[in-house]
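Trainee: Please give me a close look at any space left empty inside this model. Take it slowly, and then show me what else is worth a look around it.

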Amino acid sequence: MRPSEPRPLPDLQAESLRRILELERFRGFTDVAVWGGLDSYLRRQVTKTVDDGFFNRLELPKPSYAALDPKGRGTWAERVLKELQSTGNGFQSSPLVTDSKNTLRKVSPPKRTWKGSTMAAAGESLDSPVTCLRGVSTALASRLQKLGVGTVKDLLYFFPRRHNDFSQITKVSQLNVGMEQTVVATVWEAREKTIGKAMRGTEAIVGDETGNIRVIWFNQPYLARMLRVNEKVVLSGRVDIHNGRKVFESPAYELLEAQELIHTGRLVPVYPLTEGLSPRTVRRIVKDALDRWAPALLDFMPEDVGKRNGLMGLSRAIEQAHYPESDSQKDEARRRLAFDELLLMQLGVMRRKRDWQEGGQSPQLRTNPKLLDAFLGSLPFSLTKAQRRALDEVLADMEKPRPMSRLLQGEVGSGKTVVATASLLVAAAQGYQAAFMAPTEILAEQHFANISRLLRSLAQPVGEGNLLCAYVGPISRPVTLGLLTGSLKKKEKEDLHWKLSQGSIDIIIGTHALIQKEVEFERLALVVVDEQHRFGVMQRSALRQKASVSAHLLVMTATPIPRTLALTLYGDLDLSVIDELPPGRQEIATKWLSPSQRQAAYRFVRKEVEAGRQAFIICPLIEESQSIEARAATKEFQRLSKEVFPDLRLGLLHGRMRAEAKEEVMRLFRDAELDILVSTPVVEVGIDVPNATVMLVEGADRFGLSQLHQFRGRVGRGTHKSYCLLLADYPSREGRERLSLIEKTRDGFLLAEEDMKLRGPGEFFGTRQSGLPDLRMARLSDVAILEKAREEAIHLFEKDPKLELQGHRPLAQELALRGRSWQVHGAEA
């Protein structure tokens, strides 16, 4: 091995010492700025300093730094800092050290006032565009914008997906093939080389006291000029075997002394990327933003809340979330930032409930007992106990002068529509109007048909198209039901708009068309929202604001939500649960199949279609990209159409289709003009196709239990026996556990609780259409943090509901900022 000669680096060593002493000052001279203590660091520096080096002129602390008390240490350190300042030494970042476990550590400098080139220019702030950062061009900024990063603050909150642990140092002789490892080595040779037939790259030989290893970088010939002989480098990456010898292939690299390590030798962040953005570029930009701006973050957490819950400071939490010093620091940072998100979300829903209830008096819609008895008596079935309990809770709320704000939760087929219809009739009987909003046209049409059918059992209605008029029991005048959707002809819409404004329509069912500015009501008193997680706060409020009084609000979901999650997401709503299905509801046979049974599954689908039935085929979930998911679904649709079911009528549904195209495909399937609907997970919750008897789910192990349960609920709505077939190629242990559970369990609430434990909240709604707030650090399965945050939110709200006290104002400002952001994204908090 070639010996490396010592290089004169007095300025670099002096700067290292200056930063360490400033960190010591920052930490109260407790001798924790350097792993192993300051005495050990000073001895190492003296031994490698050339004759005229700064450390040879330095008077070391006597008897030792560790032996002095904090006051004595401070006296010595301040004297050395003064001498360093007078010499003008210092320009580099802090030194690298390894601990007893061979873990690479970087000594971070203390926060200080930024001067010179690192100081934010006048007029810049956390809200400044990212182009204010060094090296961020407009082209680079546009790429960051695709990731939702437009400002400096966005960048600070642009957290990594995960971290690669490159902190453990391995000697060259101990490198293992196929593992991610880190070495600190000296460059013996670096040259440009043609690799393969035409690829240009860099080849280097590096080594430490235990041996040498060859390093190759593909497509990076410029590294041959950057890596200088005898320079120390840190390399992190995978080791492979070529021609019987170990080789580092395209490892991450950094010079040991040139800068604080950000790509190697530590817990290295892995960020989401987009075309034109490299990992090194994103890490560099984020690090620059952290160094310049993290100290400027105002910690909005009230001091007593932070102390009570042992929370890390905000600036440090942001830094440690990106570039943690250790796993424990990373976990503490996530706990702080998750607490922030959950506390703000809780305060948001509490404030919304207060605003709702203080928004004014609502009409007291007293129930007409004769009308209710006539309606319930006309039904071909009796209400379950759970339905009756939910209906009583809704009707009791509607009789109060305070506006109702209630979530009605029940599985598909549990009878939510009957409860909603009774409440709509109660409003109409009192001479008021009611509006029922569904997320899609096909669901709005479905509700119109179902409610019309329920009214037909009570009266002999007269109607055509999108209007129905019926004399209902003891109501002396007819009740008029209307359907308003975006696809209606202009004249039909104008006719409905006029009738609504005149009060001649009692109950209107529709889509987003209900919240258009042209729509006016004469006496709107009740708003019902179906599949409410598909609507943002602003959409929900827009419909309620159509009322001249404070309207009552009933929101419904077919998604079973664990109580903890419901309290968190919908804390502004009182909760009613229909937790039992009507007697006689058929059980859907559920079977988990292996890849070898795929052809048998296809034969079963064909058999059902030949018997006059229809089937769903759900394509695998692809988290990374909806466009990739759409392309995969299109490819699968083509394969099934040409190779498996060439003689059957297949339709395709995916998230990249226009809304009108989706509606048309679902309408064709509902009307039995398609035999099989091939779909990504966007297939609508609640779509009612009684003739569909098979739900075949590909890649079933990629879905959560609640989502699989939702898929299963889309068949079995008619009189025919129905089936759910789950195909999974190579399920993990957790995947096998989920598939076994869904096979055996029919209770949606039990599955939701299990889903909460296994996968977290996104699965309750489908990951991309959840309506969840933009939770970057919190997981709603963090029950302990969630409960603490809720407890603190309740305490704060009781003590200072408007957050007007001096210590609460920063929190109020942050709540306003986050609230606007969440509403823009259509979230519920």
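Mentor: Okay, cavities it is: there are two of 30 Å³ or more in this structure, which is a predicted model. How do you spot such space? Rolling a probe the size of a water molecule over the atoms shows where empty space is left. Let's take the second largest cavity, which holds about 30 Å³ of space. Its lining is made of Thr367, Asn368, Leu371, Leu372, Phe375, Ala422, Leu425 and Val426. Two elements each give two or more residues to that lining, namely α12 (369-378) and α14 (416-429). Try clicking along α12 (369-378) and then α14 (416-429) on your screen.

What kinds of residues line the second largest cavity, by class? Six are nonpolar and two are polar, while no charged residue takes part. Here's a handy bit of background for reading a lining that involves helices: an α-helix has 3.6 residues a turn, so residues three or four places apart point the same way.

Now let's zoom out for a moment. The protein has 27 helices and 25 strands. Of its 829 residues, 55% are buried. And if you take the contacts with a separation of 6 or more, 73% of them are between residues 24 or more positions apart.

With burial in mind, go to helix α10, residues 314-322. Eight of its nine residues are buried, so the helix is largely enclosed by the rest of the structure. Those eight are Leu314, Ser315, Ala317, Ile318, Glu319, Gln320, Ala321 and His322. What covers them? The cover includes three helices, α6 (152-156), α8 (279-293) and α11 (327-357), along with the strands β3 (162-165) and β10 (267-270).

One of those covering helices, α6, contains Lys153. Is Lys153 buried or exposed? With a relative accessible area of 18%, Lys153 is buried, because the cut-off for buried is under 20%. Leaving out residues up to four places away in sequence, Lys153 touches Leu126, Glu814 and Leu817.

Two alanines are buried as well. Ala386 sits in helix α13, residues 385-398, and its relative accessible area is 0%, so it counts as buried. Ala386 touches Val577, Ile578, Asp579 and Glu580, again with residues up to four places away left out. Its C-alpha atom is 9.5 Å from that of Gly410, a residue 24 places apart from it along the chain. The other alanine, Ala438, is in the loop between β12 (433-437) and α15 (441-456). Ala438 is also at 0% relative accessibility and counts as buried. Its C-alpha atom and that of Glu531 are separated by 7.0 Å, although the two residues are 93 apart along the chain.

Next, a strand. In a regular strand the side chains alternate between the two faces of the sheet. Have a look at β22, residues 650-653: Leu650 and Leu652 point one way, Gly651 and Leu653 point the other way, and all of them are buried. β22 pairs with β23 (residues 676-679) in the parallel sense, over four bridges. In one of those pairings, Gly651 has Leu677 of β23 as its bridge partner. Add helix α21, residues 659-670, and β22, α21 and β23 make a right-handed β-α-β unit.

Let's finish with some backbone oddities. Most residues other than glycine have a negative phi, and most peptide bonds are trans. Now compare that with a few spots here. Lys62 and Pro63 are joined by a cis peptide bond, with omega at about 0°. Pro63 is in the loop between α3 (54-57) and α4 (70-87).

Asn219 is not a glycine, yet its phi is positive, near 60°. You'll find Asn219 in the loop between β6 (211-218) and α7 (223-226). Leu803 has a positive phi too, near 50°, and lies in the loop between α26 (783-799) and α27 (809-824). Which way does accessibility go for these two? Asn219, at 55% relative accessibility, counts as exposed, whereas Leu803, at 7%, counts as buried.

How values were computed:
Residues are numbered from 1 along each chain as its sequence is written. This is a predicted model: local features need pLDDT of at least 70, side-chain atom pairs count only at pLDDT 80 or more; totals for chains, interfaces and linings use all residues. Side-chain values use heavy atoms; hydrogens and water are left out. Buried means under 20% relative accessible area, exposed over 50%, partly exposed in between (1.4 Å probe, protein chains only). Contact means heavy atoms within 4.5 Å. On a 1 Å grid over the protein atoms alone, a cavity is a set of points where a 1.4 Å probe fits but cannot get out, and a pocket is an open set with protein on both sides within 12 Å along at least five of seven lines; lining residues have an atom within 4 Å of a point. Grid points are joined across faces, edges and corners, and a volume is the space filled by probe spheres set on the points. Ala, Val, Leu, Ile, Met, Phe, Trp, Tyr, Cys and Pro count as nonpolar, Asp, Glu, Lys and Arg as charged, and the others, Gly among them, as polar. Two strands pair if DSSP finds at least two bridges between them. A crossover is right-handed if, with the strands pointing away from the viewer, the path from the first strand over the helix to the second runs clockwise.
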